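Let's take a friendly walk through the helices of this model and the contacts between them. Have the structure open as you read.

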Amino acid sequence: MSIDYNRFARVLARSLEIAEEPDGNPVVVAVFKETLADATTEYLATEKAVADATTAFSKENHEALQALASLDAPYRVARSALLAVQPHTVLPDTLKSLATDTDQLDAIRRLLDLIDDHVGKPWADAILDGEFGARAPKAITELTESIAANKQLSKAKFARAQVYGPTYEKYLSFKQVVRNAYGPGSKQYRRIHLRASPGASEAEDTTPKG
């Protein structure tokens, strides 16, 4: 069963709202401050970091894909030209046959280096002065930025996962206090209660809609 991190963030935000109610139960408020307040702040910060990193990666990945699409034909021309004049060269694979962005980045760099070794020869100069020479550096830049953004996203997700477990345990204890203080049918309890349901990716929220 996967964890619905976004839903848990909403539950924590609602827990904070309960603790900040003007006429809130003083025991509930005190327990929240003592046990869940700092954890909530930390977790919500990691949730925001993931959202920001996701947005950044989406942008960089889109730009990288555009650069790769633009480079694909010039790359194939340059690759075949190099093979025609240097038939014993071990060439990088075509871009579309490579499974990862790192492999694609390495292939572009490798092909560019191989052709750079023959600068001054008409065929090499024609490639470097043409579409491949113009588009390869941009593709390298965009792929490098996309890879870096993806690493930042992975780092943000890892940080969120690290704080999830301890925060969830504190949430369970706080929820029980809310249940006992306000009652299982109270608005406060329903808003932070999660119920597991078969086939769901994570516990289902029983808060009435609307």
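Helix 1 and helix 5 are oblique to each other, because an angle of about 45 degrees falls in neither the parallel, the antiparallel nor the perpendicular range. Please keep in mind that this is a predicted model. The axes of helix 1 (residues 5-19) and helix 5 lie 11 Å apart, and helix 1 passes helix 5 in a left-handed crossing.

Which residues of helix 1 and helix 5 meet? On the helix 1 side they are Y5, N6, F8, V11, L12, S15 and I18. On the helix 5 side you will find R160, A161, Y164, T167, Y168, Y171, F174 and Y182. Sorted by class, the contact of helix 1 with helix 5 has eleven nonpolar, three polar and one charged residues.

T167 is a good residue to pause on. It sits in helix 5 and has a relative accessible area of 2%, so T167 is buried. Leaving out residues up to four places away in sequence, T167 touches F8, L12, L36, A39 and Y43. Of these partners, F8 and L12 are also among the helix 1 residues that meet helix 5.

Now turn to the other helix pairs. Here are the three packings together.

| Helix pair | Angle | Distance between axes |
|---|---|---|
| Helix 1 and helix 5 | about 45 degrees | 11 Å |
| Helix 2 and helix 5 | about 160 degrees | 5 Å |
| Helix 2 and helix 3 | about 40 degrees | 11 Å |

Helix 2 covers residues 26-85 and helix 5 covers residues 131-182; they pack at an angle of about 160 degrees. That angle makes helix 2 roughly antiparallel to helix 5. Their crossing is left-handed. By class, the contact of helix 2 with helix 5 has 34 nonpolar, nine polar and eleven charged residues.

Helix 2 also packs against helix 3, at an angle of about 40 degrees. Helix 2 is therefore oblique to helix 3, and the crossing of helix 2 and helix 3 is left-handed. From helix 2, the contact is made by L68, L71, Y75, A78, R79 and L82. From helix 3, the contributors are Q104, A107, I108, L111, L114 and I115. The residues of this contact divide into ten nonpolar, one polar and one charged.

Several of those names come back in the interior. The largest nonpolar core has 26 residues, and those with the most contacts inside it are L71, Y75, L95, I108, L111, I115 and F132. Helix 2, helix 3 (101-116), helix 4 (122-128) and helix 5 each supply at least two residues of this core. With neighbours within four places in sequence left aside, what is I115 in contact with? The partners of I115 are A78, L82, A124, I127, L128 and F132. Apart from this core lies another one, of 21 residues, among them F8, L36, Y171 and L194. F8 and L36 are also touched by T167.

One last stop is G133, in helix 5. Is G133 buried or exposed? Its relative accessibility is 19%, so G133 counts as buried, the cut-off being under 20%. Setting aside neighbours within four places in sequence, G133 is in contact with I127 and L128. I115 is in contact with I127 and L128 too. G133 and P74 are 59 residues apart in sequence, and their C-alpha atoms are 8.7 Å apart in space.

Note on methods: Residues numbered from 1 in each chain as written. Predicted model: local features only at pLDDT ≥ 70, side-chain atom pairs only at ≥ 80, totals over all residues. Heavy atoms only, no water. Axes fitted to C-alpha atoms, helices over the stretch in contact; angles between N-to-C directions. Helix = DSSP H or I, 4+ residues; strand = E, 2+ residues; numbered from the N terminus. Parallel < 35°, antiparallel > 145°, perpendicular 65-115°, else oblique. Left-handed = near helix turned anticlockwise from the far one by under 90°. Nonpolar A, V, L, I, M, F, W, Y, C, P; charged D, E, K, R; others polar. Core = buried A, V, L, I, M, F, W, Y, C linked by side-chain atoms within 4.5 Å. Buried < 20%, exposed > 50% of the residue type's maximum accessible area, 1.4 Å probe, protein only. Contact = heavy atoms within 4.5 Å.
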